[in-house]
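Reader: I have the coordinates open and want the terms justified. Take me through them, please.

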Amino acid sequence: MKNLTLRASVALACALSLAACGGSSGNLLLGGSVVGLTKPGLVLQNRTGPLLPVAAGATTFAFHELIGNDQDFEVKIATQPTGADCVLANNKGKSGAYNITSVIVTCVTQTRKLGGTITGLNVNGLVLVNGSDRLDVPAGATSFEMRKVADGAPYGISELPRPTRPACGVQNGSGIMGTTDIGNVVIAC
Amino acid sequence: MTLTFTRPALALALALTLAACGGKATFPVAGAIEGLKYDGLVLSTNGMDLPVAANATSFSFPNPLSYGEVYNVIAKAPPAHQTCSVASFQGRTGVLYNGPTDTAGRFGAINIGVLCTTNVVVLSGTIKGLASTTSLQLINGSDGGIVTAVGTGADLTFTLPSVAYGKTYGITVLAEPADQICSVSNGTGEMTDTAPVNIEVTCVKKT
């Protein structure tokens with residue numbers, strides 16, 4: 001009697017799962033939110049399952065493969081984006097009865113140094129700016145470094161005009177930050 | 001139903017307050033300020049004006065109100081270079097501040113929020129000499145992205161994202177047409193209260 005009931009319920013469960021998701025092993029969504037992803041190339045994976053590419057700018061993700069009840073999951077980063085570092089939270093556990101949407105991927109775009117050399121600066125008062133970033137440079141300085149700039153962001157160094165001193169020239173002052181530090185900006189005074 | 005309950009509760013609260021402080025329930029009109037950086041802010045309510053100094057993080061009007069008096073706090077004069085609003089908002093520490101107007105005694109204490117933000121000023125200029133159908137990219141350092149202008153044969157206007165008072169800006173050329181050299185004049189400065197009017201980008205043919 002007991003056996004019969006068990007068999008019947010297993011059969012029913014089987015039928016339901018099959019009906020729900022076309023023959024795959026479960027009916028629960030596995031996914032979550034993505035924060036700060038501005039760069040391409042992120043690939044996620046659940047255990048040893050299929051790879052899931054996540055595009056730049058995405059704010060959510062969900063694996064195409066549904067998982068079953070009471071099943072272990074572990075979301076992993078198969079490939080980091082180019083120029084950014086992502087970390088996971090709430091990414092490991094066992095499924096219950098409900099969809100899992102609590103996995104959090106937090107990404108931070110890498111930043112690079114922005115600087116260069118200065119020649120002929122023998123008076124105080126040089127102020128270099130990269131937009132709102134402002135740097136006061138003392139007399140005698142032969143190099144400078146601005147605040148770091150995010151991978152892929154533009155930069156443009158110019159000199160704040162001062163009535164008290166002649167202007168210096170800026171070479172290689174503008175560009176797009178790439179994958180390596182910038183150190184070739186030349187300020188010639 | 002709510003009223004029938006609220007009234008006795010208020011009466012009780014009042015009675016308790018009165019009992020606690022010898023018959024005189026008073027409520028100072030006070031609150032918190034976030035973001036204030038400059039002098040000049042004057043708050044006003046119930047016939048009182050309260051000048052608030054730069055960088056203040058709280059305020060309290062000199063004369064407390066009696067139970068039942070209605071208050072309506074306004075920013076009568078803004079601080080220099082900033083705009084303040086009196087509003088209900090969640091403070092940085094998670095405290096929920098009350099809005100500008102209510103009746104003294106409805107809450108145990110009056111705790112109004114004042115939020116100040118620094119004014120932003122338009123950053124724009126003129127492009128001269130850009131050859132037709134060629135494009136020019138301008139930036140303000142790493143702030144606010146890239147503006148692309150396409151030549152039409154006539155002078156053009158460009159606008160970069162606005163800049164807060166007191167911040168530096170520095171407009172530079174990120175990309176110019178292959179056979180032109182473009183240079184920026186008056187493109188670097190420190191933002192004042194009014195938009196700079198003499199920023200000019202001039203493109204000339206390479207020689």
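Author: Start with the domains. The C-alpha centres of domain 1 and domain 2 of chain B lie 41 Å apart. This is a predicted model: local features need pLDDT of at least 70, side-chain atom pairs count only at pLDDT 80 or more, and totals for chains, interfaces and linings use all residues. Residues are numbered from 1 along each chain as its sequence is written, and chains are lettered from A and ligands numbered from 1 in the order in which they are written.

Reader: Into which domains is chain B divided?

Author: Domain 1 covers 25–118 and domain 2 covers 120–205. The bounds come from an automatic or database domain assignment.

Reader: And chain A, how is it divided?

Author: Into domain 1 (20–109) and domain 2 (111–188). Their centres, taken over C-alpha atoms, are separated by 42 Å.

Reader: What makes residues of chain B count as in contact with chain A?

Author: The C-beta atoms of the two residues, placed from the backbone, must lie within 7 Å. By that test 17 residues of chain B are in contact with 17 residues of chain A. On the chain B side, β16(B) gives the largest share, 6 residues. Strands here are DSSP runs (E, at least two residues), numbered from the N terminus. By class, this side of chain B has 5 nonpolar, 9 polar and 3 charged residues. Ala, Val, Leu, Ile, Met, Phe, Trp, Tyr, Cys and Pro count as nonpolar, Asp, Glu, Lys and Arg as charged, and the others, Gly among them, as polar.

Reader: How do you know that β12(B) and β15(B) pair?

Author: Pairing requires that DSSP finds at least two bridges between two strands. β12 (residues 120–128) and β15 (residues 156–164) of chain B have 7 and run antiparallel. They therefore count as paired. V121(B) stands opposite V163(B) in β15(B).

Reader: Which sense, parallel or antiparallel, holds for β12(B) and β19(B)?

Author: Parallel, over 3 bridges, with β19 spanning residues 200–205 of chain B. T202(B) in β19(B) is the bridge partner of K128(B).

Reader: Why are β4(B) and β8(B) at the edges of their sheet?

Author: The sheet is open, with 3 strands in the order β4-β3-β8 of chain B and antiparallel pairing. β4 (48–52) and β8 (74–77) of chain B each have a single partner strand, so one side of each has no neighbour in the sheet. Neighbouring strands of this sheet are turned by 35 degrees against each other on average, direction ignored. The axes are lines fitted to C-alpha atoms.

Reader: What joins β3(B) to β8(B)?

Author: 3 bridges, in the antiparallel sense. V42(B) stands opposite A77(B) in β8(B).

Conventions: Helices (H or I, at least four residues) and strands (E, at least two) are DSSP runs, numbered from the N terminus. Axes are lines fitted to C-alpha atoms, for helices over the stretch in contact, and angles run from 0 to 180 degrees between N-to-C directions.
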